[in-house]
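Open your viewer, get comfortable, and follow along. At each stop you will select something, look around, and then move on.

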Amino acid sequence: MKAESTHNQVILATARVVVTAGDGSTHELRALIDQGSQASFVTESTAQILNLKRVAIHGTVTGISNDTSVKIKSMVNIKLHSIYDNTQKIETQAYALSKITSLIPSQEVPMVPWPLLQNLSLADPYFQRPGTIDLLLGADVHATPIIEGLHRYNTLLAQNSRLGWLISGQASQDIQSASRSVVVNHMKLEIDQLLRKFWELEEHKGTRIQRTLTKEDIQCEEHFKNTNLRNSEGRNHSKRTSPHNSETLDPWPPVACTI
């Protein structure tokens, strides 16, 4: 016979979300809302089902204590909305991982005796049942769905969001097992510096980048303006021989121009 003991089962905030696939179809996924993660993640199997366009990257993901790291090779753009309202879209970039976390919660939690829950549109109506996590929404997008509204019941918290009411906190549970699992979802993302520079260049695309001209650059630019003309067709030609005047102009002064 196993001795019965009591421990506090921690409920993490989860939500059922509807995600748009590459062909326009929609899929209901289970997401973990985790502001302890620097980025958002999607499981590799889910990314394949969604068939979204991939962006190749090179980076690593580390967790608590930086003891282990996981390589990431691709990223997808995720568009989602709640199971209650399809007008409030949320968009984020998610990195593909073979697995995000274990079952959440690790064991079924008895229904909390909180009458208010029956009147709330829960983001995850089955938050107390163990289930797989397909998508993790990190701190990069955490503030987007959160809206005004907060309720407390002992050590439990109900936070209103555009995905529905998120339930989290401690719930006492009697178990007949000496084992206990703890889920820690803090994640740190590191992307190669080369890719980071590429992103910075992409952000500046379409924006004229100003640079400081040297004295030689200014002389070269003035020299070009003084010795060239633009005709009505938008073409440049030399001032030394004008189409309307064959008189030869004075020789150009020597100017060193660097390109």
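Is Arg16 buried, partly exposed or exposed? Select Arg16 and show its surface: this residue is partly exposed, because its relative accessible area is 21%, and buried would require under 20%. Keep in mind throughout that you are looking at a predicted model.

**Stop 1: the whole protein**

Zoom out and switch to a cartoon view. You should find 4 helices and 14 strands. The protein has 259 residues, and buried residues make up 35% of them. Now think about who touches whom. Among contacts between residues at least 6 apart in sequence, 64% join residues at least 24 apart. If you turn on the surface, about 16,900 Å² is exposed, with carbon and sulfur atoms supplying 50% of that area.

**Stop 2: the salt bridges**

How many salt bridges does a search of the whole structure find? The count is 3. Side chains of opposite charge can pair when their charged atoms come close.

Go back to Arg16 and add Asp124 to your selection. These two form a salt bridge, with their closest N and O atoms 3.0 Å apart. Arg16 belongs to strand 2, while Asp124 sits in the loop between strand 7 and strand 8, so the pair ties together parts that are 108 residues apart in sequence. Asp124 counts as buried, because its relative accessibility is 1%.

Next, select Arg30. Arg30 also forms a salt bridge with Asp124, and here the closest N and O atoms are 2.9 Å apart. This pair links distant parts of the chain too: Arg30 is in strand 3, and 94 residues separate the partners. Both Arg30 and Asp124 are buried.

For the remaining pair, select Glu44 and Arg54. Their closest N and O atoms are 2.7 Å apart. Glu44 is in helix 1, and Arg54 is in the loop between helix 1 and strand 5, 10 residues away. Glu44 is partly exposed at 25% relative accessible area, and Arg54 is partly exposed at 32%.

Show Arg16, Arg30 and Asp124 together before you leave: salt bridges that share partners join these three into one network.

**Stop 3: the nonpolar core**

In soluble globular proteins, nonpolar side chains tend to be buried together. To see this protein's largest nonpolar core, select Val17, Ile78, Leu80, Leu135 and Leu163. Out of the 24 residues in the core, these five touch the most other members. Which elements each supply at least two residues of this core? Color strand 2, strand 3, helix 1, strand 6, strand 7 and strand 8 to find out, since each of them does.

Center the view on Val17. Setting aside residues up to four places away in sequence, Val17 touches a list of residues that includes Leu29, Ala31, Leu80, Leu135 and Leu163.

**Stop 4: Thr46 in helix 1**

Return to helix 1, which covers residues 44-50, and pick out Thr46. Thr46 is buried, because its relative accessible area is 5%, and the limit for buried is under 20%. Not counting residues up to four places away, Thr46 touches Leu29 and Asp134.

**Stop 5: Ser40 in strand 4**

Now select Ser40, in strand 4 (residues 40-43). How much relative accessible area does Ser40 have? The value is 0%, so Ser40 is buried. Its neighbors beyond four places in sequence include Thr92, Tyr95, Leu136, Asp140 and Val141. Another neighbor deserves a distance label: the side chain of Ser40 reaches the backbone nitrogen of Gly138 at 3.1 Å.

**Stop 6: Asn77 in strand 6**

For the last stop, select Asn77 in strand 6. Asn77 is partly exposed, with a relative accessible area of 33%. Which residue's side chain makes a polar contact with the side chain of Asn77? Select Glu91, and label the 2.5 Å polar contact between the two side chains. Beyond four places in sequence, Asn77 is also in contact with Leu52, Thr92 and Gln93. Finally, draw a line between the C-alpha atoms of Asn77 and Gly22: they are separated by 9.9 Å, and these residues are 55 apart along the chain.

Terms used: Residues numbered from 1 in each chain as written. Predicted model: local features only at pLDDT ≥ 70, side-chain atom pairs only at ≥ 80, totals over all residues. Heavy atoms only, no water. Buried < 20%, exposed > 50% of the residue type's maximum accessible area, 1.4 Å probe, protein only. Contact = heavy atoms within 4.5 Å. Polar contact = N/O pair within 3.5 Å; in protein donor to acceptor, adjacent residues only side chain to side chain. Core = buried A, V, L, I, M, F, W, Y, C linked by side-chain atoms within 4.5 Å. Salt bridge = Lys/Arg side-chain N within 4 Å of Asp/Glu carboxyl O. Areas by Shrake-Rupley, 256 points an atom, 1.4 Å probe, with all protein chains shown as cover.
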